[in-house]
Amino acid sequence: RRFDAFVSLWWTFGGGTRLSVGSDVRPTLTVLPPSREELQQGTATLVCLADKGFPSDWSLAWKVDGSSSSWEESRSPGVLGGGALYSWSSTLRLPADQWAKVGSVTCEATQGSQTALSETLRRDQCSQ
């Protein structure tokens, strides 16, 4: 049944037409540093929270010292919240000894042709 509805919408609007309800809303980005306890265990996990954006297809990416990250990343699916806006998170994990050498990490949010949105956390701003 869901497929029938999809086909029906496809024929109604055409294959290349995108229907958007409301206007695009840029999410608010927050980068959370690793905890002291976690660093003592040898791992640094940073979390990027993207809150209250629209539509649901914003992408999150990490940069370490200005370059694309090669460390392990994971992303949560968008969660629909109040006001029909979405929230997402992305996690960056790296060894604590690597984190000690990092100058900054940046979380970057992109969607379609919009200008990227970013939030940077400098390691020297974190209490160790």
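**Exercise 1. A loop residue and its contact**

In this predicted model, the side chains of Gln111 and Asp57 make a polar contact at 3.0 Å. Task: determine where Gln111 is placed, and whether Gln111 counts as buried or exposed.

Solution. Begin with the secondary structure: Gln111 belongs to the loop that runs between β8 (104-110) and β9 (117-122). Next, take the accessibility, for which the cut-off for buried is under 20% relative accessible area; Gln111 has 3% relative accessibility and therefore counts as buried. Finally, put the two steps together: Gln111 is a loop residue that counts as buried, and its side chain is in polar contact with that of Asp57.

**Exercise 2. Backbone geometry**

Task: state which residues are joined by a cis peptide bond, and what the phi values of Lys52 and Asp65 are.

Solution. The background is that most residues other than glycine have a negative phi, and that most peptide bonds are trans. The cis peptide bond joins Phe54 and Pro55, with omega at about 0°, and Pro55 itself lies in the loop between β2 (43-53) and β3 (59-64). Turning to phi, Lys52 has a positive value near 60° although Lys52 is not a glycine, and this residue lies in strand β2. Asp65, likewise a residue other than glycine, has a positive phi near 50°; Asp65 is found in the loop between β3 and β4 (67-68), and because its relative accessibility is 43%, Asp65 counts as partly exposed.

**Exercise 3. An open sheet**

Task: give the order of the 4 strands in the open sheet, and explain why one side of β4 and of β9 is left without a neighbour in the sheet.

Solution. The strands follow the order β4-β3-β8-β9, and their pairing is antiparallel. Since β4 and β9 stand at the edges, each has a single partner strand, so one side of each lacks a neighbour in the sheet. For the pairing of β8 with β9, the antiparallel arrangement extends over 6 bridges, and Thr106 stands opposite Thr120 in β9.

**Exercise 4. Aromatic rings**

Task: find how many aromatic pairs there are, and classify the pair formed by Tyr86 and Trp88.

Solution. With ring centres required to lie within 6.5 Å, the count comes to 2 aromatic pairs. Tyr86 and Trp88 form a pair with 6.4 Å from centre to centre and 25° between the planes, which is stacked, given that planes under 30 degrees apart count as such. Both Tyr86 and Trp88 are buried, and ring pairs link these two residues with Phe54 into a cluster.

Methods. Residues numbered from 1 in each chain as written. Predicted model: local features only at pLDDT ≥ 70, side-chain atom pairs only at ≥ 80, totals over all residues. Heavy atoms only, no water. Buried < 20%, exposed > 50% of the residue type's maximum accessible area, 1.4 Å probe, protein only. Polar contact = N/O pair within 3.5 Å; in protein donor to acceptor, adjacent residues only side chain to side chain. Pairing = 2+ DSSP bridges. Phe/Tyr/Trp six-rings, centres within 6.5 Å; stacked < 30°, edge-to-face > 60°.
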